[in-house]
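Subject: Structure for your review

Dear colleague,

Please find below the structure that I am handing over to you. My findings follow it, arranged by topic so that you can read them beside the sequence and the model.

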Amino acid sequence: MNRTLTITTGQNWKHALRAAGQRAAHGIATGKYQGESLNFESPAAFFGQLSELRWQMVREMMGSGTIGVRELARRLDRGVKRVHEDAQVLVALGLLEKDDNGALRCPFDDIHVDMHLTPLREAA
């Protein structure tokens, strides 16, 4: 099965959670996989967690199977300690998965980012 992830930003995380639940319930009823979602409260929260280096890790991992942290660090030309730290964040977010031996894999075949920006309101 090809797994997909949609990342959204929006202050109304409860609405995003409800919508994801509704999609999942519809998928169960129809027997069709509806994809997975990850919501951030704001673009700042998104970029605070998913830096350029972390995105490089995810892109390197997509379609690469299971890779150990040391091998991933070698491929990215980065230090093992920093790759390990970034991997922990990505595992906690659900963008990467870790097996029993500590090796990593990206379970997604497609990741879509849906970000809406609105004008800042002027202070009264």
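I begin with a single residue, Ser37, which is part of strand E2, the strand that covers residues 36-40. Please bear in mind throughout that the model is predicted. The relative accessible area of Ser37 is 35%, so this residue counts as partly exposed. Between the C-alpha atoms of Ser37 and Thr4 there are 8.3 Å, although 33 residues separate the two along the chain.

A residue of strand E1 can be treated in the same manner. Thr8 belongs to E1, which spans residues 4-9. Leaving aside residues up to four places away in sequence, Thr8 is in contact with Leu38, Asn39, Phe40 and Asp114. From Thr8 to Ser42 the distance is 8.8 Å, C-alpha to C-alpha, with their positions 34 residues apart in sequence.

The chain as a whole

How many helices and strands does the protein chain have? The chain contains five helices and five strands. Read from the N terminus, their order is β-α-β-α-α-α-α-β-β-β. The chain has 124 residues, and 27% of them are buried. Its exposed surface comes to about 8500 Å², of which carbon and sulfur atoms provide 50%. If one takes the contacts between residues at least 6 apart in sequence, 68% of them link residues at least 24 apart.

Helices H3, H4 and H5

Two packed helices are described by the angle between their axes and by the distance between those axes. Three pairs are set out here in those terms.

The first pair is H4, residues 69-76, with H5, residues 80-93. Their axes lie 9 Å apart and the packing angle is about 110 degrees. Angles of 65 to 115 degrees count as roughly perpendicular, and H4 is therefore roughly perpendicular to H5. The crossing of these two helices is right-handed. H4 contributes Val69, Arg70, Leu72 and Ala73 to the contact, while H5 contributes Val80, Val83 and His84. Sorted by class, the residues of this contact are five nonpolar, one polar and one charged.

The second pair is H3, residues 52-61, with H5. Here the axes come within 10 Å and cross at roughly 80 degrees, which makes H3 roughly perpendicular to H5. On the H3 side the contact involves Leu53, Arg54, Met57 and Val58, and on the H5 side Val83, Asp86, Ala87, Val89 and Leu90. Seven of the residues in the contact of H3 with H5 are nonpolar, two are charged and none is polar.

The third pair is H3 with H4, where the axes are 11 Å apart and the angle is about 110 degrees. These two helices are therefore roughly perpendicular to each other. Gln56, Met57, Glu60 and Met61 of H3 meet Leu72, Arg75 and Leu76 of H4. This contact of H3 with H4 is made up of four nonpolar residues, one polar residue and two charged residues.

Two residues in loops

Is Leu50 buried or exposed? Leu50 sits in the loop that joins helix H2, residues 43-49, to H3. Its relative accessibility is 2%, and since buried means under 20%, Leu50 counts as buried. Not counting residues up to four places away in sequence, Leu50 touches Ile7, Phe40, Trp55, Leu90, Leu93 and Leu95. One of these, Leu90, is 40 residues away from Leu50 along the chain, yet their C-alpha atoms are separated by 8.2 Å.

Asp77 is found in another setting, the loop between H4 and H5. With a relative accessibility of 73%, and with exposed defined as over 50%, Asp77 counts as exposed. The phi angle of Asp77 is near 55 degrees, which is a positive value in a residue other than glycine.

When you open the model, I would suggest beginning with the contact of H4 with H5, including Val69 of H4 and Val80 of H5, and then turning to Leu50 and the residues it touches, among them Ile7 and Phe40.

Yours sincerely,
A colleague

Note on methods:
Residues are numbered from 1 along each chain as its sequence is written. This is a predicted model: local features need pLDDT of at least 70, side-chain atom pairs count only at pLDDT 80 or more; totals for chains, interfaces and linings use all residues. Side-chain values use heavy atoms; hydrogens and water are left out. Helices (H or I, at least four residues) and strands (E, at least two) are DSSP runs, numbered from the N terminus. Buried means under 20% relative accessible area, exposed over 50%, partly exposed in between (1.4 Å probe, protein chains only). Contact means heavy atoms within 4.5 Å. Accessible areas come from the Shrake-Rupley method with a 1.4 Å probe; for residues, only the protein chains shown count as cover. Axes are lines fitted to C-alpha atoms, for helices over the stretch in contact, and angles run from 0 to 180 degrees between N-to-C directions. Angles under 35 degrees count as roughly parallel, over 145 as roughly antiparallel, 65 to 115 as roughly perpendicular and the rest as oblique. A crossing is left-handed if the near helix is turned anticlockwise from the far one by less than a right angle, and right-handed if clockwise. Ala, Val, Leu, Ile, Met, Phe, Trp, Tyr, Cys and Pro count as nonpolar, Asp, Glu, Lys and Arg as charged, and the others, Gly among them, as polar.
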